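Here are a few exercises to work through with the model open beside you. Try each task before you read its solution.

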Amino acid sequence: MTEVFLVIVLLATAAVVAAGIFVTLRGFRQADRPPVDVTPTPSKTNRHDASTTAQLKHFFEGKQCAACRRPVPPVHAGELRPGLVNPETHEAIAWNDIPAANLSTTLESHMAICSNCLVIETLRRQHPELVVDHHSPVEYPSH
């Protein structure tokens, strides 16, 4: 009688261990598969259409930065892009935030600023407590 009881306990233990291994392996197989995202994500590098991008690239060709007076480098994919600065409010506008609507009006009323100065002006506006000016502030010339 004890032999029958031991066989039943042994079979029950084997069944529990086999079920545990099965559940563990099934969990590992499901964890290896990344979730599928069927919705396409919009490009974060350029929010403008091709004609607006071409117009902006043409605008920045041969321009001088309003802040540092250096030439604005050509715009290339994957690099930091220049922006615009409002000469009255000194508000900097990043490439992606330049409005496509009324683009010509915006380009006429704002000045070109290189990507380095754009980063500095954005930091200065967003976190003035972190910026210490050792030189006099930049004077933006009028058009």
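**Exercise 1: the sheet**

Work out how β1 and β2 pair, and then place them in the sheet.

Solution. Start with the pair itself: in this predicted model, β1 and β2 run antiparallel and are joined over two bridges. Next, pick out a residue on the bridge: Leu84 has Ile93 in β2 as its bridge partner. Now zoom out, and you get an open sheet of three strands, ordered β2-β1-β3, with antiparallel pairing. Finally, check the edges. β2 and β3 each have a single partner strand, so each has one side without a neighbour in the sheet.

**Exercise 2: the core**

Find out which elements supply at least two residues each to the largest nonpolar core, and which residues have the most contacts inside it.

Solution. Begin with the core as a whole: it has 22 residues. Those with the most contacts inside it are Leu56, Phe60, Cys65, Leu84 and Ile113. Then go through the elements. The helices that each give at least two residues are α2 (50-60), α3 (103-109) and α4 (115-126), and the strands that do so are β1 (83-85), β2 (92-93) and β3 (111-113). As a last step, take Leu56 and look past its neighbours up to four places away in sequence: Leu56 touches His48, Trp95, Ile98, Leu103 and Leu107.

**Exercise 3: Leu107**

Decide whether Leu107 is buried or exposed, and list what it touches beyond four places in sequence.

Solution. First locate the residue: Leu107 sits in helix α3. Its relative accessible area is 11%, and buried means under 20%, so Leu107 is buried. Now for the contacts: leaving out residues up to four places away, Leu107 touches Leu56, Phe59 and Leu84. Take Leu84 from that list and check the backbone. The C-alpha atoms of Leu107 and Leu84 are separated by 7.9 Å, although the two residues are 23 apart along the chain.

**Exercise 4: the cysteines**

Count the disulfides, and explain why Cys65 and Cys114 come out as they do.

Solution. The cut-off comes first: two cysteine sulfurs must lie within 2.5 Å. For Cys65, the closest cysteine sulfur belongs to Cys68 at 3.7 Å, which is too far for a bond. For Cys114, the closest one is in Cys117 at 3.6 Å, again too far. The count therefore comes to zero disulfides. To finish, look at accessibility: Cys65 is buried at 1%, and Cys114 is buried at 7%.

Key. Residues numbered from 1 in each chain as written. Predicted model: local features only at pLDDT ≥ 70, side-chain atom pairs only at ≥ 80, totals over all residues. Heavy atoms only, no water. Core = buried A, V, L, I, M, F, W, Y, C linked by side-chain atoms within 4.5 Å. Buried < 20%, exposed > 50% of the residue type's maximum accessible area, 1.4 Å probe, protein only. Helix = DSSP H or I, 4+ residues; strand = E, 2+ residues; numbered from the N terminus. Contact = heavy atoms within 4.5 Å. Pairing = 2+ DSSP bridges.
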